[in-house]
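Visitor: I'd like a close look at one part of this one, please. Could you pick a good spot to start and walk me through how it ties in with its surroundings?

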Amino acid sequence: MSERDDRRAQLEARNAAMRENVAALMSDLRRRTADLADAQARANAVTGKATSEDGLVRAEVNPAGVLTNIEFSWAAFDRHTPESLAKAVVQTAQAAARTAREQVEGALAPLTEDTPDLSNLFEGAPSFGDLLRPPAPEDATAAEDDRPSRPRSRHDEDDDDSGSSIYGRD
């Protein structure tokens, strides 16, 4: 075998090895793409649900934590003031959003298990796990004391405070 034939055989062997590498990488990419599509489908199907501590308010949110349904027991209107009912709604919706976030994180967790983190490969790059993690819902009860109280209106003083429900269900 001549030097030229030897060099050609080496190049063909390297080409074959590179083709195998590329085929393996493409196969892995197809698998990861399918895994990502499955995880996205599971994350998109998430529904967060919560019920208030007293059981009078039920909230449902979508995967992004956006309120999609709210239900009240009739007793909620008898047992709550408007302010306490509003607080119960906010707390229940936030609990539902936390539930949805946990479910979304669970659906996306397998994607980060065997994937090298971008921040480990490139200094200053964002973490892949942080990119997949949805933002935490803000806790509105922490800022509750900072809210200005509602000014009393002329109608507040004129209200008939007979103690009976305005909804006609005594």
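**The sheet, its aromatic end and the helix across it**

Guide: Let's start with the aromatics: Phe72, Trp74 and Phe77 form one aromatic cluster. Bear in mind that this is a predicted model. Ring centres within 6.5 Å count as a pair, and by this rule the count comes to two aromatic pairs. One of them is Phe72 with Phe77: the ring centres are 5.6 Å apart and the planes sit at 50°, so the pair is tilted. That label follows because stacked needs planes under 30 degrees apart and edge-to-face needs over 60. In general, you describe a pair of aromatic rings by the distance of the centres and the angle of the planes.

Is this pair hidden away? Neither ring's residue counts as buried, because the limit for that is under 20% relative accessible area. Phe72 comes out at 32%, so it's partly exposed, and Phe77 at 26% is partly exposed too.

Now follow Phe72 back into the sheet. Strand β3 covers residues 67-72, and the sheet is an open one of three strands, in the order β1-β2-β3 with antiparallel pairing. β1 and β3 stand at the edges with a single partner strand each, so one side of each has no neighbour in the sheet. From one strand to the next, the twist averages 10°.

Here's how the strands are stitched together. Strand β1 (residues 48-51) pairs with β2 in the antiparallel sense over four bridges. Lys49 has Glu60 of β2 as its bridge partner, and Thr51 has Arg58 of β2. On the other side, five bridges join β2 to β3, again running antiparallel. There, Glu60 finds its bridge partner in Asn69 of β3. Glu60 therefore has a bridge partner on either side, because it bridges to Lys49 and also to Asn69, with β2 paired to both neighbours in the order β1-β2-β3.

The turns are worth a glance as well. The β1-β2 hairpin has five residues between the strands, and Gly55 takes a positive phi near 75° there. The hairpin of β2 and β3 also has five residues between its strands, and Gly65 in that turn has a positive phi of about 85°.

Stay on β2 (residues 57-61) for a moment, where the side chains alternate. Val57, Ala59 and Val61 point to one face and are buried. Arg58 and Glu60 point to the other face and are not buried.

So what lies over the strands? Helix α3 lies across β1, β2 and β3, running at about 40° to β2. A good residue to click on is Thr92, which sits in helix α3. Thr92 is buried, with a relative accessible area of 3%. Leaving out residues up to four places away in sequence, Thr92 touches Ala50, Thr51, Ser52, Val57, Arg58 and Ala59. Thr92 and Val57 are 35 residues apart along the chain, yet their C-alpha atoms are separated by 7.1 Å.

You can view that contact from the sheet too. Ala50 lies in strand β1 and is buried, with a relative accessible area of 13%. Beyond its neighbours within four places in sequence, Ala50 is in contact with Val57, Arg58, Ala59, Thr92, Ala95 and Ala96. Ala50 and Arg98 are 48 residues apart in sequence and 9.3 Å apart in space, C-alpha to C-alpha.

Helix α3 (residues 82-113) has a helix neighbour as well. Its axis and that of helix α1 (residues 3-44) come within 8 Å and cross at roughly 175°. That makes α1 roughly antiparallel to α3. On the α1 side, the contact is made by Asp35, Leu36, Ala39, Arg42 and Ala43. On the α3 side, the residues are Val104, Ala107, Leu108, Pro110 and Leu111.

Finally, zoom out. The protein chain has six helices and three strands, running α-β-β-β-α-α-α-α-α from the N terminus on. Of its 170 residues, 18% are buried. Among contacts with a separation of 6 or more, 52% are between residues 24 or more positions apart. The chain exposes about 12,900 Å², with carbon and sulfur atoms supplying 51% of it.

Definitions and conventions. Residues numbered from 1 in each chain as written. Predicted model: local features only at pLDDT ≥ 70, side-chain atom pairs only at ≥ 80, totals over all residues. Heavy atoms only, no water. Phe/Tyr/Trp six-rings, centres within 6.5 Å; stacked < 30°, edge-to-face > 60°. Buried < 20%, exposed > 50% of the residue type's maximum accessible area, 1.4 Å probe, protein only. Helix = DSSP H or I, 4+ residues; strand = E, 2+ residues; numbered from the N terminus. Contact = heavy atoms within 4.5 Å. Areas by Shrake-Rupley, 256 points an atom, 1.4 Å probe, with all protein chains shown as cover. Pairing = 2+ DSSP bridges. Axes fitted to C-alpha atoms, helices over the stretch in contact; angles between N-to-C directions. Parallel < 35°, antiparallel > 145°, perpendicular 65-115°, else oblique.
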